[in-house]
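The exercises below concern aromatic rings and the groups around them in a predicted model. Please work through each task before reading its solution.

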Amino acid sequence: MHTYPKKSAAALTCAIALAITGCSAGSADGTAEATQAAGTSYAPYVSSTEASDNDSAGSPATYNLAFVISDGSDCTPKWNGTDAITDSAAKSRISQLTQDGAGVRVSFGGASGKELAASCDSASELAAAYGKALDAAGSSQADFDIEGDELTDSDAVGLRSEAIALLQQERGDLEVSFTLPVMPSGLDDDSVALLESANEHDVQVSTVNIMTMNYGESYADDMGDYALTSAKATHTQLKEIFGTSDATAWRAMALTSMLGVNDVDNETFTLDDAAQVREFAEEKGIGWVSMWATFRDRQCDDGSSSDDALTNCSGVDQEDGAFAEAFSG
């Protein structure tokens with residue numbers, strides 16, 4: 001665990017919960033009660049460019065639009081690094097997702113491509129790039145999915161924290177979540193360092209979303225149990241990093257699962273696992289639960305050359321949209 005300067009517990013409780021319910025310094029206990037009562041929402045990851053028949057299954061409160069990254073050459077935000085953020089098809093897609101009242105959260109980063117913090121030269125330029133994508137989506141919610149090499153790039157981590165702080169100064173209603181890899185032992189040192197960097201730059205963090213998946217081939221037991229163990233370990237870390245209460249640390253957490261089969265041997269996340277995670281999230285007052293992704297929430301067609309369990313179906317026996325129903329409770 002890294003060392004870091006701490007603010008008062010009451011102020012940090014407000015900082016981490018501000019975008020959820022709003023609070024003022026000194027009201028930590030009331031905030032914990034308010035956020036606990038808000039309930040656990042369902043917020044799946046969706047393709048930012050291609051619709052799925054299962055997008056609306058489970059009636060999501062928010063859709064995580066995956067992903068905005070650099071075009072690979074400069075500080076230009078694009079959907080998946082290829083499509084302009086102002087593309088008419090993307091605008092139509094977002095309009096369709098939100099027509100029944102759901103919100104959209106723009107997810108920056110992901111496992112592939114080049115995150116904008118590795119392409120932009122200054123915090124102001126990076127903040128502007130993030131802002132352009134948020135404006136194009138009509139969103140005040142930003143998710144930063146940081147993994148792989150981007151997580152170990154300390155320069156990019158610092159630049160990103162500075163840029164997000166600038167953006168929040170300009171946009172008082174901006175909600176920020178960080179999506180990070182996790183193990184049953186909790187967040188690793190790089191993820192902790194990222195959160196400490198955000199803390200040091202006065203970023204108001206609404207949610208830390210942990211990816212309860214990809215533990216490694218030696219983790220061959222129950223995936224639902226591993227998800228709960230990972231959440232408990234992370235909860236302890238969040239309390240320490242942000243100096244906040246039990247209830248607020250739970251509320252400031254989200255859980256994202258890889259539904260069905262994974263590319264890691266021995267990892268199959270079942271519908272029972274999804275129900276287990278949902279029950280746990282409701283019990284603890286966790287902010288939201290999610291999955292990768294709506295377009296995989298269906299059974300693979302036997303013999304279909306176009307179906308790939310790691311890309312566009314789950315690889316397990318299920319009804320269409322069954323994971324969404326399990327996660328939404």
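A charge counts as sitting over a ring if NZ of Lys or CZ of Arg is within 6 Å of the ring centre and within 35 degrees of the ring normal.

**Exercise 1.** Find the distance at which R105 lies from the ring centre of W288.

*Solution.* R105 lies over the face of W288, and the distance from the ring centre is 4.2 Å.

**Exercise 2.** Describe the geometry of the aromatic pair Y130 and F144, then place both residues in the chain and state whether each is buried or exposed.

*Solution.* The structure holds 13 aromatic pairs. In one of them, Y130 and F144 are 4.9 Å apart centre to centre with 75 degrees between the planes, and because planes over 60 degrees apart count as edge-to-face, this pair is edge-to-face. The pair links distant parts of the chain, since Y130 belongs to helix α4 (residues 123-137) and F144 to strand β7 (residues 141-145), 14 residues apart. As for accessibility, Y130 has a relative accessible area of 0% and is therefore buried, and F144, at 1%, is buried as well.

**Exercise 3.** Carry out the analysis for W292 and F295, and name the cluster to which they belong.

*Solution.* The rings of W292 and F295 form an edge-to-face pair, with 5.6 Å centre to centre and 85 degrees between the planes. W292 has a relative accessible area of 23%, so W292 is partly exposed, and F295, with a relative accessibility of 23%, likewise counts as partly exposed. Finally, ring pairs link W292 and F295 with Y45 and F67 into a cluster.

How values were computed
Residues are numbered from 1 along each chain as its sequence is written. This is a predicted model: local features need pLDDT of at least 70, side-chain atom pairs count only at pLDDT 80 or more; totals for chains, interfaces and linings use all residues. Side-chain values use heavy atoms; hydrogens and water are left out. Rings of Phe, Tyr and Trp (its six-membered ring) pair if their centres lie within 6.5 Å; planes under 30 degrees apart count as stacked, over 60 as edge-to-face and the rest as tilted. Helices (H or I, at least four residues) and strands (E, at least two) are DSSP runs, numbered from the N terminus. Buried means under 20% relative accessible area, exposed over 50%, partly exposed in between (1.4 Å probe, protein chains only).
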